[in-house]
Amino acid sequence: MGHRFRKGQRYRILSINKDHASVKRLTDMGITPECNLSVENVAPFGGTYIIKVRGYRVAIRKSDLEALEVQALDKGEK
Amino acid sequence: MAVALIGNPNSGKTTLFNALTGKRQHVGNWPGVTVDIKEGIFHYKGHRINIVDLPGIYSLDPDTLEQRTTRNYLTQFPPELIINIVDAGNLERSLYLTMQLLKLGRPVLLALNMMDEVEKAGAELDADKLSFFLGIPAIAISAVKEKGLDKLAKTIHDAIEGRAAPPSAPGICISCTMCKNTENIYKCIEDIVRQVYTTKLTQKQADITRKLDRVLLNKWLAIPLLLLIMLSVFFITFGATGWLTDLINAFLSGTLSPFTGSLLSSAGAPAWLTGLLCSGVIPGVGSVLAFLPQIAILFILTSFLEDSGYMARAAFIMDKAFSKIGLGGGAFMPLLMGFGCSVPAVMATRTLPSEKERRLTIMLIPFMSCSAKMPVYALFAGAFFARYQGLAVFGIYFIGIFIAVLSGFILNKLVFKTQKTPFIMEIPPYRFPTAKNLLLHSAEKVKGFLVKAGTVLLAASLVIWALQYFTPSFTLAANPSESIIAFIGRGLAPVFSPIGLSDWRASVALVTGVAAKEAIVSTLGVLSGSGQAGLTEVLRGIFSPLQAFTFMTFSLLYIPCVATIATIGKEMRSVKWTFFTVVYGLVIAYTLSFIIFNAGKLLGF
């Protein structure tokens with residue numbers, strides 16, 4: 001946990017913390033293990049991101065992203 | 001039994017509903033425009049088919065109120081046919097709901113919307129193949145461009161008549177058990193999408209969105225641009241339409257009123273009737289109608305921002321600030337709608353994930369100065385702060401926002417005590433708003449405003465006029481200051497004196513303002529017995545500039561109008577909370593007005 005999400009970086013979702021309050025909403029929105037996400041924008045004061053996942057954009061708070069265990073991907077890596 | 005339209009938020013359900021039924025429900029480019037159930041009738045070859053537009057949901061086990069609405073509807077009134085509308089450019093996430101719908105055992109029809117965008121992006125979607133996999137009909141459409149609707153209509157008709165095609169499609173998904181496990185649903189979907197959807201690399205649409213976001217959501221530019229955009233809306237609304245207001249006023253008091261007067265007197269009508277029309281109805285309703293252009297422009301501009309997709313981004317930009325007062329950025333939209341009208345704004349809180357967040361947002365909405373209060377500011381600012389009109393009105397709006405933020409902070413600390421609120425909100429791609437939709441939305445608001453003028457404001461004007469026509473002993477009042485209404489107004493004076501509003505006309509206007517905020521202006525119009533030109537003179541006689549500003553502040557913050565109170569009652573589902581909201585506003589309004597008036601006096605204004 002405690003990943004720092006950086007703008008322009010792609011990540012692979014490894015797993016999701018089943019005890020986190022936002023699990024259901026994340027699943028409903030297609031933010032699930034084994035899929036990739038990229039950080040498109042960071043809000044002016046930080047704390048909220050726009051990520052691209054499954055081909056669409058979603059705004060999400062850092063505290064909600066903390067439910068995810070992710071691994072940063074290198075450029076070009078699928 | 002009916003046909004139900006179901007799909008993700010912002011997938012175009014309402015656009016399709018409007019296209020099929022010929023109705024004119026409001027649509028916008030942000031998730032959650034539809035928060036309640038809308039019904040319509042769709043005609044096809046002499047058949048009348050009931051069609052129900054439900055709020056958007058992402059899944060069938062939803063956690064917000066409006067998503068529960070959809071779910072409850074489905075279990076209580078199992079529809080004859082479910083039309084599952086999906087954003088064809090966003091298949092992977094959209095089909096998650098489809099998979100859940102398939103398990104309900106009701107016939108489902110897939111409407112693949114926004115096919116025009118898919119084609120524009122250089123992608124291809126094989127609807128027949130998708131239909132083959134899912135075992136349900138799948139029709140490619142574009143609800144905005146009204147493409148593919150004939151085929152969709154025919155398929156809906158056939159499905160209801162029991163001549164649907166399912167037997168020909170094996171429906172691999174229905175027999176497959178892999179997706180029984182939630183974790184596997186997305187794997188199944190990915191497999192299907194891989195086989196039906198092919199992208200080429202020219203994603204034009206996505207590129208435009210990315211380019212625009214690079215500027216509009218830039219770390220340093222985002223907030224200045226947001227302020228600039230909001231200020232532009234504000235100054236265009238007030239600055240560009242003043243001449244139209246003057247024109248309407250000139251017509252009403254300079255032409256219509258004398259014309260009606262001479263017409264009536266030449267027809268031998270009694271003096272009271274002439275008085276009723278020329279010093280009751282025309283100044284009362286007319287003083288408010290004069291601000292119609294502002295209302296129309298305001299809604300055209302805000303619809304433009306909504307439809308373009310910018311408003312959803314504004315919620316994202318403001319999210320950090322909202323997290324400080326225990327709200328998610330999702331509360332931004334209802335609060336913003338509050339600048340239009342509190343009633344739909346309060347209803348829009350249904351999209352919020354928790355009850356606490358809903359209640360807090362509802363309590364803050366009345367501080368967002370609604371468009372019905374605009375005539376009050378425009379009138380007073382024009383009469384007292386002519387040179388700094390824009391600044392004075394901006395100051396009032398700013399006070400409203402400041403009070404909302406402060407209240408949010410205090411209420412969250414003392415009453416709601418929320419800690420971590422989730423915020424997960426879809427951000428749509430930028431789309432160019434259609435002129436049709438902008439005009440439609442604006443016309444709808446103007447119509448609502450006219451209806452209000454013809455009912456509530458007309459009635460209020462008539463009552464006020466009658467109350468100033470008679471004395472408390474029901475003889476004709478020689479002078480309005482001897483009338484029933486003056487008597488009532490003077491009775492209220494001790495209450496309003498500490499905040500500098502001791503004139504009976506001011507207190508009466510504030511009381512009638514509870515019926516509808518525009519009634520503040522129409523009441524003053526009737527009580528001055530003249531059109532706006534005369535009204536300005538009368539007001540200058542009643543108020544000092546300091547009192548005028550205090551009056552504007554009090555009007556901004558005090559009790560919401562009856563329609564809003566009723567809606568708050570319905571949405572809070574609690575008398576206690578509704579009462580608390582109303583009293584809270586009143587206390588804040590009184591306290592702040594007291595401070596402004598007395599501090600202003602000390603400073604020598």
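This is a short talk on how chain B meets chain A, with a look at some cysteines and one asparagine.

Keep in mind that this is a predicted model.

Start with the interface. On the chain B side, 41 residues are in contact with 33 residues of chain A. The area buried between the two chains is about 3200 Å². Carbon and sulfur atoms give 54% of that area. Which residues of chain B lose the most area to chain A? They are B:Tyr186, B:Phe316 and B:Ile424. Together they account for 22% of what the chain B side buries.

Now the polar side of the story. There are 5 salt bridges between chain B and chain A. One of them pairs A:Arg54 with B:Glu92. Their closest N and O atoms are 2.8 Å apart. Polar contacts across this interface come to 15 residue pairs, with both residues at pLDDT 80 or more.

Where on chain B does this surface come from? Several elements each supply at least two residues to the side that touches chain A. Among the helices are helix 3 (91-102), helix 8 (182-196), helix 9 (204-216) and helix 10 (222-239). Helix 14 (310-317) and helix 15 (319-324) are on the list as well. So is strand 9 (424-427). Helix 8 gives the most, with 5 residues. By type, the chain B side divides into 17 nonpolar, 9 polar and 15 charged residues.

Next, the cysteines. How many disulfides does the structure hold? The count is 0 over all chains. Take A:Cys35, which is in no disulfide. Its nearest cysteine sulfur belongs to B:Cys188, 15 Å away. The cut-off for a disulfide is 2.5 Å between sulfur atoms, so that pair does not qualify. Is A:Cys35 buried or exposed? A:Cys35 counts as buried because its relative accessibility is 6%, and the limit is under 20%. B:Cys278 is buried too, at 15% relative accessible area.

Last, B:Asn218. This residue is found in the loop between helix 9 and helix 10 of chain B. With a relative accessible area of 25%, B:Asn218 is partly exposed. What does its side chain reach? A polar atom of that side chain lies 2.7 Å from the backbone nitrogen of B:Trp220. The backbone nitrogen of B:Leu221 lies 3.1 Å from a polar atom of the B:Asn218 side chain. Further along the chain, B:Ile317 is 99 residues from B:Asn218 in sequence. In space, the two C-alpha atoms are 9.9 Å apart.

That is the tour. Questions are welcome.

Terms used:
Residues numbered from 1 in each chain as written. Chains lettered and ligands numbered in written order. Predicted model: local features only at pLDDT ≥ 70, side-chain atom pairs only at ≥ 80, totals over all residues. Heavy atoms only, no water. Buried < 20%, exposed > 50% of the residue type's maximum accessible area, 1.4 Å probe, protein only. Contact = heavy atoms within 4.5 Å. Buried area = accessible area lost by both parts, 1.4 Å probe. Salt bridge = Lys/Arg side-chain N within 4 Å of Asp/Glu carboxyl O. Polar contact = N/O pair within 3.5 Å; in protein donor to acceptor, adjacent residues only side chain to side chain. Helix = DSSP H or I, 4+ residues; strand = E, 2+ residues; numbered from the N terminus. Nonpolar A, V, L, I, M, F, W, Y, C, P; charged D, E, K, R; others polar.
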